[in-house]
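This report is a first guide for a reader who has not met this structure before. It takes up charged pairs, then one pair of helices, then the nonpolar interior.

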Amino acid sequence: MGVHGVKAVFFDLDNTLVDTAAAGRRAIEEALRAYGGPLSAQVINALQSKHHYGEGEARLICDKVQAKLLKECHDPAKMCITDLRISHWEEAIQETMGGEANRDLAAECYFLWKTTRLQHLRLAEDTRDMLTELRKGLRLLLLTNGDKQTQREKIEACACQPYFDAIVVGGEQKEEKPAPSIFHYCCDLLGVQPAECVMVGDSLDTDIQGGLNAGLKATVWLNKAMTTPVDTSPVPHYIISSVLDLPAVLQKMEHKVNAKLGTDHTAGSNE
C-alpha cells in the first residue's frame, strides 16, 4: 500500500499500538491481590481476615500508585526508574495505611506489577496484520518516549520489532517528542524527508505537536473516546478512534493528492 507523497509512517507505542494503560491497571490490581498475605501481616490484617475492608484499602493504594505514575517525572541522571517506581508503591502504602515505610513490601508489589504488565502487553493480531500490509508500500518506524530500559522491555514483550524498519526510544536520544530533532533523526534513519512522513499517536502534546514542529506531511491523532477537548490544541490533520482506521486515512490522503493532480492537469490543459 503506497500513498503519493508519503514514504513513511511513524507510530507511537503506548496507548497507540498497545494498550499500556489497561495492562498497567490489571497488573496493579493483580499485584495487590497476590500480595494479600504480606499486606495482611505487615500493613492491613483486613486483606485476609476482613476481605471487604481490605479490598477498599487495596483499591485506594491502586489509585494512589496510578496517580503517581501519571504525574511521574523521571530524571535518569538522578534516579533509576526501578527505584522511582518502588518509591511510588512505598509512598502509596504509607499514605493509605500510615506507620513506617515498608520498602521490601513496596519492591515486591512493584516487581510483580512490572512482570504482570509486560505479560498483558500485546500487539493485537489485527494490528499486526495492518502493519504487515502497510509495510508492503511504506517504511514504518516506532517512535516512543520514555526510559530506555522500560520501553525496550515493552517492545520485547509485545514482540513488535519485526513489523518496523527502525525503532527509536526517546530515552536513548538527546531530546524526546515533541522536539523536532528526534523526528528529523527518524527521517534520517529511513532516508526520507519530513514532508514524506506521517505521525500517528494518542498524545496531542508529544505526537501531534511534535509532528507539526518537525514539519511532517500529516499528523493522525488516535482519540479512542472521540470526545473533542474544549480547546483542541494543537490541531491534528486527521482524527481516528482506532489505529485500525489508519489505512482509510492514508487512502483519503491519496485521493486528495489524485484530485489535486487532476485539477492541476485540467488547469494546465486549459491554459
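Is Glu 172 buried, partly exposed or exposed? In this predicted model, Glu 172 has a relative accessible area of 37%, and it therefore counts as partly exposed. Its side chain meets that of Arg 152 in a salt bridge, with 2.9 Å from N to O. This pair links distant parts of the chain, since Glu 172 lies in the loop between β3 and α9 while Arg 152 belongs to helix α8 (residues 148–157), 20 residues apart. Arg 152 is likewise partly exposed, with a relative accessible area of 32%.

**Salt bridges**

Side chains of opposite charge can pair when their charged atoms come close. Over the whole structure, a search finds 15 salt bridges, and three of the pairs are set out in the table below.

| Salt bridge | Closest N and O atoms |
|---|---|
| Lys 177 and Asp 12 | 3.0 Å |
| Asp 83 and Arg 103 | 3.9 Å |
| Glu 172 and Arg 152 | 2.9 Å |

The salt bridge between Lys 177 and Asp 12 joins parts of the chain that are 165 residues apart, with Lys 177 in the loop between β3 (166–169) and α9 (180–190), and Asp 12 in the loop between β1 (8–11) and α1 (20–34). Lys 177 counts as buried because its relative accessibility is 5%, and Asp 12, at 6% relative accessibility, counts as buried too.

In the pair formed by Asp 83 and Arg 103, the partners come from two helices, Asp 83 from α5 (residues 81–97) and Arg 103 from α6 (residues 103–120), and they are 20 residues apart. Asp 83 is partly exposed, having a relative accessible area of 34%, and Arg 103, at 31% relative accessibility, also counts as partly exposed. Elsewhere, salt bridges are linked into a network that takes in Lys 64, Lys 68, Glu 91 and Glu 95.

**Helices α5 and α6**

The axes of α5 and α6 come within 8 Å and cross at roughly 120°, and the crossing is right-handed. Among the residues that make the contact are Asp 83, Arg 85, Ile 86 and Trp 89 of α5, together with Arg 103, Tyr 110, Trp 113 and Arg 117 of α6.

Arg 117, which is placed in helix α6, is buried and yet has no salt bridge, the nearest side chain of opposite charge being that of Asp 14, 6.0 Å away. That distance leaves the two unpaired, because a salt bridge requires the nitrogen and the carboxyl oxygen to be within 4 Å. Leaving aside residues up to four places away in sequence, Arg 117 touches Thr 20, Ala 23, Gly 24, Ala 27, Arg 85, Thr 150 and Lys 154.

**The largest nonpolar core**

Which residues of the largest nonpolar core touch the most other members? Of its 35 residues, they are Phe 11, Leu 142, Phe 164, Val 198 and Leu 246. Several helices and strands each supply at least two residues of this core, including β1, α7 (125–134), β2 (139–144) and β4 (197–201). Helix α11 gives the most, with four residues.

Leu 142 has contacts that include Phe 11, Leu 13, Ile 155, Phe 164 and Val 168, when residues up to four places away in sequence are not counted. Another of the residues touched by Leu 142 is Asp 12, the buried residue that forms a salt bridge with Lys 177.

Terms used
Residues numbered from 1 in each chain as written. Predicted model: local features only at pLDDT ≥ 70, side-chain atom pairs only at ≥ 80, totals over all residues. Heavy atoms only, no water. Buried < 20%, exposed > 50% of the residue type's maximum accessible area, 1.4 Å probe, protein only. Core = buried A, V, L, I, M, F, W, Y, C linked by side-chain atoms within 4.5 Å. Contact = heavy atoms within 4.5 Å. Lys, Arg positive; Asp, Glu negative; His and termini not counted. Axes fitted to C-alpha atoms, helices over the stretch in contact; angles between N-to-C directions. Left-handed = near helix turned anticlockwise from the far one by under 90°.
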